[in-house]
Amino acid sequence: MLLDTQYLFAETWWFARTLARDFALNLQVIEPNVEPDDLWQRDVEACCHARKVEPLQRALAGRTAWVTGLRRVDSPSRAATPVVGHDLLRDIVKINPLAAWTDADMAAYVEREGLPEHPLASRGYPSIGCWPCTRPVEAGADPRSGRWAGSAKTECGLHR
Ligand code: SF4
């Protein structure tokens, strides 16, 4: 599932479509119920809610579980991520199969399976969201420090 916030990098679209083609994925694109606007310049919480939280809520309606790519090493706020837990926000099961994976685990898996990497990863983007809210980071910096850089916001609200 891909949340189309209307502000994804062109490279993200290219990467998603390439993966879907090469691995015969059933890529489902979820769109927001709003038109493009400048809300991200004034209220990132409201923008993330309209373009991420509400669309995912809609997509998961009637489901009993969902699977994420969360890892404990992503950020301090994700350090206690369980492999299987209860999604309090949606009252369904939340499965995080990569929760315990380290960066080394991830790199080894990508190399062993010959998986491609997002084209922005080698250009200083270890964590990639919407283009207005994602900046490249220096090598060795917190991988998520480029997300909403300069603000106190660290999560979009999908994971609570
Ligand atoms: S990351 Fe930025 S542009 Fe994307 S939904 Fe959130 S506030 Fe809007």
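**Close-up views of a predicted model**

**View 1. The two ends of helix 4.** Gly114, just after helix 4, adopts a positive phi of about 65°. The model shown here and in the other views is predicted. At the start of helix 4, the backbone nitrogen of Ala104 has a side-chain oxygen of Thr102 within 3.3 Å. Helix 4 covers residues 103–113 and supplies part of the lining of the largest pocket.

**View 2. The largest pocket.** The volume of the largest pocket is about 2,200 Å³. Its lining is made up of 47 residues, and those closest to the centre are Phe15, Gly69, His118, Pro126 and Ile128. By class, the lining of the largest pocket contains 31 nonpolar, eight polar and eight charged residues.

**View 3. Elements that line the largest pocket.** Two strands and three helices are labelled: strand 1 (2–3), strand 3 (65–67), helix 1 (10–22), helix 3 (44–60) and helix 4 (103–113), each giving at least two residues to the lining of the largest pocket. Helix 4 makes the largest share, with five residues.

**View 4. The second largest pocket.** About 240 Å³ of space is found in the second largest pocket. Its lining has 16 residues; Leu70, Thr81, Lys94, His159 and Arg160 are the ones nearest its centre. The lining of the second largest pocket divides into five nonpolar, six polar and five charged residues. Strand 4, residues 84–87, provides three lining residues of the second largest pocket, the largest share.

**View 5. Strand 3 beside strand 5.** Strand 3 and strand 5 (residues 92–95) run parallel and are joined by three bridges. Opposite Trp66 stands Lys94, which belongs to strand 5. Lys94 is also among the residues nearest the centre of the second largest pocket. Strand 3 itself (65–67) supplies at least two residues of the lining of the largest pocket.

**View 6. The hairpin of strand 4 and strand 5.** Four bridges pair strand 4 with strand 5 in the antiparallel sense. Asp87 has Ile92, in strand 5, as its bridge partner. Four residues lie between the two strands of this hairpin, where Asp91 takes a positive phi near 55°. Strand 5 thus appears in two views: it is parallel to strand 3 and antiparallel to strand 4.

Terms used
Residues are numbered from 1 along each chain as its sequence is written. This is a predicted model: local features need pLDDT of at least 70, side-chain atom pairs count only at pLDDT 80 or more; totals for chains, interfaces and linings use all residues. Side-chain values use heavy atoms; hydrogens and water are left out. On a 1 Å grid over the protein atoms alone, a cavity is a set of points where a 1.4 Å probe fits but cannot get out, and a pocket is an open set with protein on both sides within 12 Å along at least five of seven lines; lining residues have an atom within 4 Å of a point. Grid points are joined across faces, edges and corners, and a volume is the space filled by probe spheres set on the points. Ala, Val, Leu, Ile, Met, Phe, Trp, Tyr, Cys and Pro count as nonpolar, Asp, Glu, Lys and Arg as charged, and the others, Gly among them, as polar. A polar contact is a pair of N or O atoms within 3.5 Å; within protein, one must be able to donate a hydrogen and the other to accept it, and residues adjacent in sequence count only if both atoms are side-chain atoms. Two strands pair if DSSP finds at least two bridges between them.
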